[in-house]
Amino acid sequence: MSNNAIGRKTSGVDKALRVALYTVLLVAAAFYLIPFIVMLITSLKDVEEIRTGNLLSLPAALNFDSWAKAWSSACTGSSCGGISPYFMNSFQIVLPAVAISTLVGAINGYVISLWKFRGSDLFFAAMLVGCFIPFQVILLPMAQTLGWLGIANTASGLVFVHVVYGVAFTTLFFRNFYQSIPSELVKAARLDGAGFFTIFYRIILPVSTPIIVVTVIWQFTQIWNDFLFGVAFSGFDTQPVTVALNNLVNTSFGGKEYNVDMAAAIIAALPTLAVYVFAGKYFVRGLTAGAVKG
């Protein structure tokens, strides 16, 4: 058989495998998108259409009244101001919690990987245990700590909770990434008279963009989607959007408005969806950036 014939046969097999792969990926994508499609379609229908139609039937006309109601006038328990105040509460909690836990994790990882001290490996192992502690285990001790600090039922208290719980993860991310940075670089900078924070700010941080993106995406998603800490440690005026969404779904006056529930759920998911759409391609790249040392 000639080389051309072998090449054509190999090319044909490659094309068939590629078509099969894309088919499987499209089926998997459709399977995972069906719940979101159902939510979106339902949110655009009125209540009568939902009762008389089926899950996948398209709305007769686009109706955004349920979105407006979910945002500004839906009842979440005893309050009927929509989920907009709680949406803002979530941002007030997420932004400082992500920033602080990322900064602390970066410094921890920098110290553990590039400024070795006696017991540093044991210290890292102890922090690593924090990644496997279930949320429920820390509820009572954390509630007592927040009471001692005088920040129970406040947004600051929730920020504190998420920072404490998230530092173990952020430290792990940064430590693994900084392991790929040659320690000789830090030693040379120290010989030139650079101090701890000078090295961190001028040498380490500029090469940390990939892992910072990973950490921000991870922490933002975990904190925004959290319900347990939100319902356990928030006050009436500081509840995050996940708690408000739960209250909305479980509150009904008259008939159940599934279109409002679906619209509120999509609105609550928009920030995390936007984060993954605009920065998701950097997530895996950042995770693997420090996988090979050399």
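## Close-ups of an all-helix model

**View 1. Phe-196 touches Ile-107, Tyr-110, Val-111 and Trp-115, once you skip residues up to four places away in sequence.** A quick heads-up before you go on: what you're looking at here is a predicted model. Phe-196 sits in helix α9, which covers residues 196–204. Is Phe-196 buried, partly exposed or exposed? With a relative accessibility of 24%, Phe-196 counts as partly exposed, because the buried class stops at under 20%. Now look for Leu-245: in sequence, Phe-196 and Leu-245 are 49 residues apart. In space, their C-alpha atoms are 45 Å apart.

**View 2. Zoom out, and the protein shows 14 helices and zero strands.** Follow the chain from the N terminus and you read α-α-α-α-α-α-α-α-α-α-α-α-α-α. Why call this protein more spread out than a compact globule? Its radius of gyration is 25 Å, while the globule rule gives 19 Å for 294 residues, so the protein comes out well over that value. Along the principal axes, the C-alpha trace spans about 80 × 75 × 30 Å. Of the 294 residues, 38% are buried. Take the contacts with a separation of 6 or more, and 71% of them join residues 24 or more positions apart. As for the outside, the protein exposes about 16700 Å², with 68% of that supplied by carbon and sulfur atoms.

**View 3. Here's the largest nonpolar core, a set of 38 residues.** Which residues touch the most other members? That would be Phe-229 and Phe-233. Plenty of helices chip in: α3 (65–72), α4 (84–114), α6 (139–149), α7 (155–178), α10 (209–224), α11 (228–233), α12 (241–249) and α13 each bring at least two residues to this core. The top contributor is α7, which gives eight residues. Apart from this core lies another one, made of 16 residues, including Tyr-110, Phe-173, Ala-189 and Phe-200. You've met one of those names already: Tyr-110 is also among the residues that Phe-196 touches.

**View 4. Go in closer on Phe-229 and its contacts.** Forget the neighbours within four places in sequence for a moment, and see what else Phe-229 meets. The list is Phe-135, Ile-138, Leu-139, Leu-158, Val-161, His-162, Tyr-165 and Ser-234.

**View 5. Thr-170 is part of helix α7.** Is Thr-170 buried or exposed? Its relative accessibility is 0%, so Thr-170 counts as buried. Look around Thr-170, leaving out residues up to four places away in sequence, and you'll find it touching Ser-101, Thr-102, Gly-105, Thr-215 and Gln-219.

**View 6. Lys-69 and Glu-257 meet through their side chains in a salt bridge.** Side chains of opposite charge can pair when their charged atoms come close. How many salt bridges does the structure hold? Just one, and its N to O distance is 2.7 Å. Lys-69 is in helix α3, while Glu-257 is in the loop between α12 and α13, so the pair ties together parts that are 188 residues apart in sequence. Both partners are partly exposed: Lys-69 has a relative accessible area of 31%, and Glu-257 comes in at 28%.

**View 7. On the surface, eleven names make up a nonpolar patch: Leu-33, Ile-34, Phe-36, Ile-37, Leu-40, Leu-55, Leu-56, Leu-270, Leu-273, Val-277 and Phe-278.** Together they have about 1100 Å² of accessible area. Two elements, α1 (3–43) and α13 (258–279), give two or more residues to the patch. Which of them has the largest share? It's α1, with five residues. Pick out Phe-36, which belongs to helix α1. Phe-36 is partly exposed, with a relative accessible area of 35%.

**View 8. Last stop: Asn-153, in the loop between α6 and α7.** Most residues other than glycine have a negative phi. Asn-153 isn't a glycine, yet its phi is positive, at about 60°. Asn-153 is also partly exposed, with a relative accessible area of 45%.

Notes. Residues are numbered from 1 along each chain as its sequence is written. This is a predicted model: local features need pLDDT of at least 70, side-chain atom pairs count only at pLDDT 80 or more; totals for chains, interfaces and linings use all residues. Side-chain values use heavy atoms; hydrogens and water are left out. Patches are made of residues with over 30% relative accessible area and no salt bridge: like charges are joined within 9 Å, nonpolar side chains (Val, Leu, Ile, Met, Phe, Trp, Tyr) within 5 Å. Accessible areas come from the Shrake-Rupley method with a 1.4 Å probe; for residues, only the protein chains shown count as cover. A salt bridge is a side-chain nitrogen of Lys or Arg within 4 Å of a carboxyl oxygen of Asp or Glu. Helices (H or I, at least four residues) and strands (E, at least two) are DSSP runs, numbered from the N terminus. Buried means under 20% relative accessible area, exposed over 50%, partly exposed in between (1.4 Å probe, protein chains only). The radius of gyration is taken over C-alpha atoms; the globule rule is 2.2 Å times the number of residues to the power 0.38. Contact means heavy atoms within 4.5 Å. A nonpolar core is a set of buried Ala, Val, Leu, Ile, Met, Phe, Trp, Tyr and Cys residues joined through side-chain atoms within 4.5 Å.
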